[in-house]
Amino acid sequence: MTAYVTRRTLMAGSLIAGASACAPRGPAGVMTRPALPAPWGATPSPRQLKWHDRRMYAFVHFSINTYTDKEWGYGDEDPKLFNPTDFDPDQIVAAAKAGGLNGLIITAKHHDGFCLWPTMLTDHCIRSSPYKDGKGDIVGELEQACRRASIGFGVYLSPWDRNRADYGTPAYIDYYRAQLTELCTRYGDLFEVWFDGANGGDGYYGGARETRKIDAPAYYDWPAIVALVHQLQPGACTFDPLGADIRWVGNEDGHAGDPCWPTMPDEPYDQVKGNSGVRGGALWWPAETNVSIRPGWFYHADEDAQVKTPQKLMAMFDQSIGHGTTFHLNLPPDRRGRIAERDVASLTAFGDAVRASFATDLARGAVASASADIGGTAGHAIDGNPESFWCAPADARDASLTLDLAPGTRFDTIRLQEWLPLGLRTTSFAIDIADDGQAWREVARKDMVGPQRLVRLPAPVSPRRVRFRAVAAEAGPTLREFALFLSVAPVTLPPAQVSDPSIVARAGWTIIAASASGGEAMLDDDAKTAWTSPAPAMLTIDLGKAETLAGFTLTPTRHVDPQAAPPARYMVESSVDGQRWSKAEEGEFQNINYARATQRIPFSAPRPARYVRLRFPRPAVPAPAIAIATIGAFR
Ligand code: FUL
């Protein structure tokens, strides 16, 4: 039969649903079609609904940091450093598409304030760079490439600006809003506008070189900024303060809670709740899972061997999209302005596996029957039509939907979607299977269906029937999709090689003094083994032979541990003879607690050294100890 309850009839229905949830009515009260039940709880806005369906898209961190080998620029960088030799927006977009990504968000301005578009609002922008003799526009060129490839386009605009003298004053807010206005009016339709939560700290600030602290909600007036975006770009979702359309998932490691409810209480963001969401929260404020394909957000040659494998990307796909969030995967272009070969290989293998796994919905052609439904909608969960859905009556809170499968149907993955305009009705559900004449056997039980839920079975099954069963629900369930797949694993890539000759090999290094034992854990390549020390932490390394060092690297533990956090600051000294020491560098690690990426700290000038002494006065966030996974050095 044809779709009876479609999105259009639903929309019409839901307008009247609040007044009378169940009474069938039509024009002038004629009983023509079944009324839909009232939505339960918070529901998404039209722009959020569209955004949920984008599922996965690329982040592109590209800026002056790509050329200074940093994660956070101080704001005093010379724009002439930005000089991509072979910027290829189509190659970047092709890499995203190879990974199955359906959109791209570019860092139009990161915390250092350098703008990738030719704005007249500041000279600290691409007009002052050698790229195309100052005539280039990275934002516009990438936007055009996205349009050519029919994928969405969005922008990241850091609220924190370490370049601006007026940062912290009302004048800067006018500047920021003017920047936003340019980005929202020059580059066609945007699907997302990204505001970064990192705010305030030390910076160049027009030469002041000082620390500035701001009270972000009061200073930025987020509701007014979000309203500006919505006025200029009605279809764009904003990320991520309270009042924005999308929230942060609470980590930069690529995993959402299981489940990750799209609803939250109407109160300031909390990282733990952000990761799980809150069942029944008043706000539809869904999470986006952001993670980089490499340890850092920007490209660093010494991370060439640490590109996430296709298997790791698939695990993150399951832990983001499969738990109800979108998957926002960062692909940092290298100094040429291209996505490096290893990243492309990993994306391609991951994208191929996703495409192969989800190419054929094995539920199509099954016979669907529901324990209860409104107007014969059972088949709508398997018709492949995103506008139709199965809808159980409001009081059928234990309703189930059974599929009689074609003989020989073999699957190991179940994909479910709820009809979001009617809210998150199902609290938990089970998947049961049965053969002819056999009783039902439960093979999975999960909380939340939501925007998208993936259920992976430990091994393929080929039952005659499979059933979705609401175990606990606030109102009779809906299913926009009940699909079955047989997964295809990504191919395994050969081990990656580090190509960077500036990295000093650690063979022959020894720790000759330290504030705690076990320091050897920092001298291997394994980011899972770590050294922990009470604060202040100190260690002295003997490199075994004299080197000319240009700087050191520190990799924090990836694992978040309340007992030990990465260090906040460093003080490094070096010595040729182990007797006389001189200071090499002192400063703050940037975004270390959240990004957990390798930090590269260049010395002001290369220096001969056989011994290096490092001091870390305190952890980056309150914790009993400091933890460090790896220490390295570069020439
Ligand atoms: C963080 C920033 O500080 C990082 O540099 C990166 O842009 C990430 C996506 O967000 O808060």
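Q: What makes a run a strand in this predicted model?
A: A strand is a DSSP run of E with at least two residues, numbered from the N terminus. β9 spans 263-264, so it qualifies with two residues. Pro259 lies in the loop between β8 and β9.

Q: What makes the bond between Asp258 and Pro259 cis?
A: Its omega is about 5 degrees, and the bond is cis.

Q: Which other peptide bond is cis, and where does Asp240 sit?
A: The bond from Phe239 to Asp240 is cis, with omega near 5 degrees. Asp240 is in the loop between β7 (237-239) and β8 (247-248). Most peptide bonds are trans.

Q: What is notable about the phi of Arg55?
A: Phi of Arg55 is near 65 degrees, a positive value in a residue that is not glycine. Most residues other than glycine have a negative phi. Arg55 is in the loop between α2 (46-54) and β1 (56-60).

Q: How do you know which residues surround the ligand?
A: A residue counts if one of its heavy atoms lies within 4 Å of the ligand. The shell is Phe59, His61, Trp72, His110, His111, Tyr156, Trp194, Asp196, Ala198, Glu252, Trp297 and Asn591. By class, it has six nonpolar, four polar and two charged residues.

Q: Why is Trp72 said to make a polar contact with the ligand?
A: The cut-off for a pair of N or O atoms is 3.5 Å. A polar side-chain atom of Trp72 lies 3.0 Å from an oxygen atom of the ligand, so the pair passes. His110 passes too, because an N or O atom of its side chain is 2.9 Å from a ligand oxygen. For His111, a polar side-chain atom is 2.9 Å from an oxygen of the ligand. The protein buries 95% of the 290 Å² that the ligand exposes when taken alone.

Q: What makes β16 and β22 a pair?
A: Pairing needs at least two DSSP bridges. Five bridges join β16 (residues 411-417) to β22, so they pair, and they run antiparallel. Leu416 stands opposite Phe482 in β22.

Q: Why are β19 and β22 edge strands?
A: The open sheet has the order β19-β16-β22, with antiparallel pairing. β19 (453-461) and β22 (481-485) each have a single partner strand, so one side of each is left without a neighbour in the sheet. The twist averages 15 degrees from one strand to the next.

Q: Which strands are at the edges of the sheet with mixed pairing?
A: That open sheet has three strands in the order β24-β30-β26. Its edge strands are β24 (531-534) and β26 (564-565), each pairing on one side only.

Q: How do you know that β24 and β30 pair?
A: Four bridges link β24 to β30 (residues 625-628) in the antiparallel sense, so the minimum of two is met. Ser533 has Ile626 in β30 as its bridge partner.

Q: What joins β27 to β28, and how many residues lie between them?
A: Six bridges join β27 (residues 569-575) to β28 (residues 582-588), and the two run antiparallel. They form a hairpin with six residues between them. Gly578 in the turn has a positive phi of about 80 degrees. Met571 has Glu586 in β28 as its bridge partner.

Q: Where does the UniProt annotation place "F5/8 type C"?
A: The unreviewed entry gives this domain at residues 345-472 and 486-633. Residues 345-472 are 10% helix and 40% strand, with end C-alpha atoms 43 Å apart.

Key
Residues are numbered from 1 along each chain as its sequence is written. This is a predicted model: local features need pLDDT of at least 70, side-chain atom pairs count only at pLDDT 80 or more; totals for chains, interfaces and linings use all residues. Side-chain values use heavy atoms; hydrogens and water are left out. A polar contact is a pair of N or O atoms within 3.5 Å; within protein, one must be able to donate a hydrogen and the other to accept it, and residues adjacent in sequence count only if both atoms are side-chain atoms. Accessible areas come from the Shrake-Rupley method with a 1.4 Å probe; for residues, only the protein chains shown count as cover. Ala, Val, Leu, Ile, Met, Phe, Trp, Tyr, Cys and Pro count as nonpolar, Asp, Glu, Lys and Arg as charged, and the others, Gly among them, as polar. UniProt positions are given in the numbering used here, feature names are shortened, and annotations may be inferred rather than shown by experiment. Axes are lines fitted to C-alpha atoms, for helices over the stretch in contact, and angles run from 0 to 180 degrees between N-to-C directions.
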